[in-house]
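Got your viewer open? Let's take a walk through this one, step by step.

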Amino acid sequence: MLHRGQESTDGTGDGELTVPMAWLYAEYIADELLRTGDLMPPTSFEFRAGRDALALTIFLSDTSGELSGIRVVSQLETWLSLTAYDQPWQDWVGERMAQLSAEAAEADGPTPDLELASAAWRWLEETELLAPDLDAVPGGGPVTGEDDGPQVWTPAWQLGLPLGHLAIHLF
């Protein structure tokens with residue numbers, strides 16, 4: 001008999017609590033990387049976008065299904081290459097999510113980890129944040145503040161991905 005606090009975390013029990021440890025650990029690593037970089041206030045939407053994009057990268061790049069605290073430093077180069085500007089990150093995420101969903105469908109259905117990753121991906125795709133328009137050339141006079149220049153609505157993942165990439169560099 002399992003006692004309170006000793007619930008199963010692997011989903012093998014009947015009606016027992018399944019804890020999404022892989023996603024929570026990926027989110028924790030992403031949060032720590034962003035906090036260490038001190039790039040955005042942790043309460044901002046930009047921080048959330050960076051954390052979710054980085055957590056998705058960490059979670060989806062773990063093909064063995066076992067994020068290890070010891071391996072975090074050895075994975076930094078992999079995460080850097082996946083989040084680099086010239087990489088098709090959005091396509092890679094879509095492919096990995098489809099692959100994991102197909103594997104889950106063959107098994108017992110989606111895991112809590114996959115459900116949380118899917119929710120994060122949905123938020124990153126569907127949410128737009130107001131950001132400086134880096135492609136615009138300010139006309140007329142000099143721009144005095146960063147909020148004074150032209151701005152554009154941008155998908156959250158497009159803001160979060162470079163933020164996560166920079167946080168890895170600063171780590």
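Accessible area here comes from the Shrake-Rupley method with a 1.4 Å probe. By that reckoning, the protein exposes about 10,500 Å², and carbon and sulfur atoms supply 53% of it. Keep in mind that you're looking at a predicted model.

Start with a cartoon view of the whole thing. You'll find six helices and two strands, and following the chain along its sequence gives the pattern α-α-α-α-α-β-β-α. Of the 171 residues, 37% are buried. Now turn on contacts: among those with a separation of 6 or more, 69% link residues 24 or more positions apart.

Next, select residues 72-83, which is helix 3. Its 12 residues should span 16 Å at 1.5 Å a residue, and the end C-alpha atoms are indeed 16 Å apart, so the two agree. Colour Val72, Gln75, Leu76, Trp79, Leu80, Leu82 and Thr83: these are the buried residues of helix 3. Now look down the axis of helix 3: the buried residues fall within an arc of 160°, so they line one face of the helix. What do the buried residues of helix 3 pack against? Show helix 1 (21-37), helix 2 (45-61), helix 4 (89-106) and helix 6 (156-170), and you have the partners.

Last stop: hop over to helix 4 and pick Ala104. Is Ala104 buried or exposed? Its relative accessible area is 10%, under the 20% cut-off, so Ala104 counts as buried. Leaving out residues up to four places away in sequence, Ala104 touches Gly109, Pro110 and Leu114. Try the distance tool on Ala104 and Leu114: they sit 10 residues apart in sequence and 8.6 Å apart in space, C-alpha to C-alpha.

Notes
Residues numbered from 1 in each chain as written. Predicted model: local features only at pLDDT ≥ 70, side-chain atom pairs only at ≥ 80, totals over all residues. Heavy atoms only, no water. Helix = DSSP H or I, 4+ residues; strand = E, 2+ residues; numbered from the N terminus. Expected span 1.5 Å × (residues − 1). Buried < 20%, exposed > 50% of the residue type's maximum accessible area, 1.4 Å probe, protein only. Arc of directions from axis to C-beta. Contact = heavy atoms within 4.5 Å.
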